[in-house]
Amino acid sequence: MMKITVQPFKLPMRTRNVCYIATVEKRADKTEEYIIDIERLPSQFHEIFAGDYSPHTLQNDFYLFNFYTLEAVMTDSPLFSPGKEMNFSWLELKEFMLKAVGGAITDFVAKYAPQAVVAIPVRPGLGKLYDEVLSENEQNSGYHYVSKYREWGTYVIET
């Protein structure tokens, strides 16, 4: 059983973004902190959605989220390095996505009311995880999973 807590977090180097910190405790010797970083969708990704959304909406109401270890942010490690070996099972990864990332996004949506939140995973396995979690939880979550973008490796929820 994992204990997961999520709370807003300020990162000096990310002043234009909204950040959260998620602490995941598996056991006393297995704890990791993750930053969930939410920013306006960078303009280089607008073209993907141009046929379905207005330029104004893409510029002002679309957000991109990423997550990475706090250790990577505070050191010279690559942001998307795996960090400590947490040995997550597939079910634990799903729990992390629902409680940590999902908790941060739920809070963000309540505070900022974006039209959509986008994820562009750096690893194919993470894309499979996003698709599974979003598909399984759409009906009970209050968002719409726009699955047509997954063929481009992009995962979108409309709020």
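Thr 23 lies in strand E2 of this predicted model. With a relative accessible area of 17%, Thr 23 is buried, because it falls under the 20% limit. Apart from neighbours within four places in sequence, Thr 23 is in contact with Lys 3, Ile 4, Thr 5, Thr 31, Glu 32 and Glu 33. Of these, Lys 3, Ile 4 and Thr 5 belong to strand E1, which covers residues 3-9, while Thr 31, Glu 32 and Glu 33 belong to strand E3, which covers residues 30-40.

**The sheet**

Strand E2 is part of an open sheet of seven strands, whose order is E1-E2-E3-E4-E5-E7-E6 and whose pairing is mixed. Strand E1 (3-9) and strand E6 (144-146) are the edges; each has a single partner strand, so one side of each has no neighbour in the sheet. From one strand to the next, the twist averages 25°.

The pairing can be followed from strand to strand. E2 (residues 18-27) and E3 (residues 30-40) run antiparallel and are joined by nine bridges. One residue of this pair is Tyr 20, whose bridge partner in E3 is Ile 36. E3 is in turn joined to E4 by seven bridges, and these two strands also run antiparallel. Here the bridge partner of Glu 39 in E4 is Leu 64. Between E4 and E5 the direction is parallel, and three bridges join them. Leu 64 takes part again at this point, as its bridge partner in E5 is Val 118. Leu 64 is thus linked to Glu 39 and to Val 118.

**Strand E4 and the helix across the sheet**

How many of the residues of E4 are buried? Eight of the eight are, so the strand is largely enclosed by the rest of the structure. Phe 62, Leu 64, Asn 66 and Tyr 68 point one way from the strand. Tyr 63, Phe 65, Phe 67 and Thr 69 point the other way, and the residues of both groups are buried.

Helix H5 (residues 124-141) lies across four strands, namely E4 (62-69), E5 (116-119), E6 and E7 (155-158). The helix runs at about 25° to E7. Lys 128 lies in this helix and is exposed, with a relative accessible area of 55%. Leaving aside neighbours within four places in sequence, Lys 128 is in contact with Trp 90 and Tyr 155. Lys 128 and Gly 153 are 25 residues apart in sequence, and their C-alpha atoms are 9.3 Å apart in space.

**A pocket**

The second largest pocket has a volume of about 430 Å³. Its lining is made up of 22 residues, and those closest to its centre are Gly 102, Ile 105, Leu 134, Tyr 143 and Ile 157. Helix H4 (90-112), E5, H5 and E7 each supply at least two residues of the lining. H4 gives the largest share, with seven residues. Which classes of residue make up this lining? There are 16 nonpolar and six polar residues, and no charged ones.

**Single residues outside the strands**

His 46 is placed in helix H1 (residues 46-49). Its relative accessible area is 17%, and His 46 is buried. Beyond the residues within four places in sequence, His 46 is in contact with Leu 41, Leu 58 and Gln 59.

Two further residues are notable for their backbone angle. Most residues other than glycine have a negative phi. Asn 87, although not a glycine, has a positive phi of about 50°. Asn 87 is placed in the loop between helix H3 (70-74) and H4. Ala 113 likewise has a positive phi, near 45°, and is found in the loop between H4 and E5. Ala 113 is exposed, with a relative accessible area of 56%, whereas Asn 87 counts as partly exposed at 48%.

The table gathers the accessibility of the residues described individually.

| Residue | Relative accessible area | Class |
|---|---|---|
| Thr 23 | 17% | buried |
| His 46 | 17% | buried |
| Asn 87 | 48% | partly exposed |
| Ala 113 | 56% | exposed |
| Lys 128 | 55% | exposed |

Methods. Residues numbered from 1 in each chain as written. Predicted model: local features only at pLDDT ≥ 70, side-chain atom pairs only at ≥ 80, totals over all residues. Heavy atoms only, no water. Pairing = 2+ DSSP bridges. Axes fitted to C-alpha atoms, helices over the stretch in contact; angles between N-to-C directions. Contact = heavy atoms within 4.5 Å. Buried < 20%, exposed > 50% of the residue type's maximum accessible area, 1.4 Å probe, protein only. 1 Å grid on protein atoms, 1.4 Å probe; cavity = no way out; pocket = protein on both sides within 12 Å on 5 of 7 lines; lining within 4 Å. Points joined across faces, edges and corners; volume = space filled by probe spheres on them. Nonpolar A, V, L, I, M, F, W, Y, C, P; charged D, E, K, R; others polar.
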